[in-house]
Amino acid sequence: MASVTFKGVAKRFGGFTAVSGLNLEIRDKEFLVLLGPSGCGKTTTMRMVAGLEDVSEGEIFIGERKVNDVLPKYRDVAMVFQSYALYPHLTVEDNIGYPLKIRKVPKAERRRIVGEVAKRVELETMLGRLPKELSGGQRQRVALARAIVRTPKVFLMDEPLSNLDAKLRVQMRAELKHLQHELSVTTIYVTHDQIEAMTLADRVAVMNKGVIEQLDTPKEIYNNPKTLFVAGFIGSPPMNLIEGEVKDGVFLGAGGLRVEGLKSATVAKAVIGVRPEDVKVVGAKEQGINLAAPIYSVELTGESTLVSVHAGDQLVTMRADKNFVGDFDQMIGVRAAPDRVFLFDQQSRARVAV
Ligand SMILES: Nc1ncnc2c1ncn2[C@@H]1O[C@H](COP(=O)(O)OP(=O)(O)OP(=O)(O)O)[C@@H](O)[C@H]1O
Ligand SMILES: [Mg+2]
């Protein structure tokens, strides 16, 4: 069991900087998710912890031990990749037991440990099968079991669920979360799926272009995004983000969008943000609305109805009741909850107080 600490870590590939200024302490037993779009540096960060990639600058510690110059096999981390990387000619039992075999654990002991771990991931009846005789989810669990048998100090999981279909992913997500709770092993988990990040993480590090933009609990990331990027990346449908200008405490956007009460705002060119569930559909003639516009689309999702209108050329989406009834082009009023409105500086992309 151990913490993982990055101190001023950077990774360059020739002239290209993939990761920079990385300062992060992952606590002992913590489930930390690295979340960000494709190419932001997630895998590179993981590979540096595993020792599969050199560090260009800074230091990485596992527990108290600096590992920059420690060979991968002496770092005591177990990695689960997106591709399961199972040995096709070995049975499930031998695949799971492989890390023990190369550590020269005696056969009887190996059988016992593999049996226990297989039970944990519900594979105890499949031990004699070959990988090709398994479903994707079962293969995924073999890869997971193979990481677990070693009881490493740290788990590194790089998009381990991305090859599974949607339903299996949700199921495996819950299993993973439970398993990590049971095993209490420090875990760094990479994904670009924000729902996966929100549901699994103790804390989420949101990465963008090689830099961590925010490190917080899922709740804070969702309710208190510190940058425009984080605000737009988390949430489905995403936060409504609309450009405009602030003057005398009033935000004015295209299509007559108007938000008052921003007295302490210090920027002129701004982006206003509000989540779909914090905007209400009201009558077009009601007092104090932010926008009156014709309905552009109505989408029933099952548990709610998404209603969209235009503010200039930008779409504003609201999450209305599942029983909402409305027609195309019907005029409606849009009203945001005043305390759920965020303001960002167009230039710096940082959040500003309102
Ligand atoms: N060996 C390499 N040589 C040169 N550039 C690399 C190398 N490995 C990664 N990169 C670049 O570094 C950046 C970060 O790559 P990385 O694989 O860490 O992204 P990622 O966040 O894991 O993305 P994805 O979600 O697509 O897996 C990318 O722009 C990538 O092209
Ligand atoms: Mg990757």
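**Strand 19, its partners and the ligand shell**

Visitor: What makes the two faces of strand 19 unlike in cover?

Guide: Strand 19 (residues 331-336) has Ile332, Val334 and Ala336 on its covered face, with Met331, Gly333 and Arg335 on the uncovered one. This is a predicted model: local features need pLDDT of at least 70, side-chain atom pairs count only at pLDDT 80 or more, and totals for chains, interfaces and linings use all residues. Residues are numbered from 1 along each chain as its sequence is written, while chains are lettered from A and ligands numbered from 1 in the order in which they are written.

Visitor: Why is this called a strand?

Guide: Strands are DSSP runs of E, at least two residues, and helices are runs of H or I, at least four, numbered from the N terminus.

Visitor: How do you know that strand 15 and strand 19 pair?

Guide: Pairing takes at least two DSSP bridges between two strands. Strand 15 (residues 279-282) and strand 19 run antiparallel and share four bridges, so they pair. Val279 faces Ala336 there.

Visitor: What joins strand 16 to strand 19?

Guide: Four bridges again, antiparallel, from strand 16 (residues 291-300). Pro294 has Met331 as its bridge partner.

Visitor: What makes a residue part of the shell around ligand 1?

Guide: Its C-beta atom, placed from the backbone, must lie within 6 Å of the molecule. Among those around ligand 1 are Phe13, Lys42 and His192. Strand 2 (16-26) and helix 1 (42-50) each give two or more residues. Helix 1 gives the most, three.

Technical notes: A residue is buried if 20 or more other C-beta atoms lie within 10 Å of its own, exposed if 12 or fewer, and partly exposed in between; C-beta atoms are placed from the backbone.
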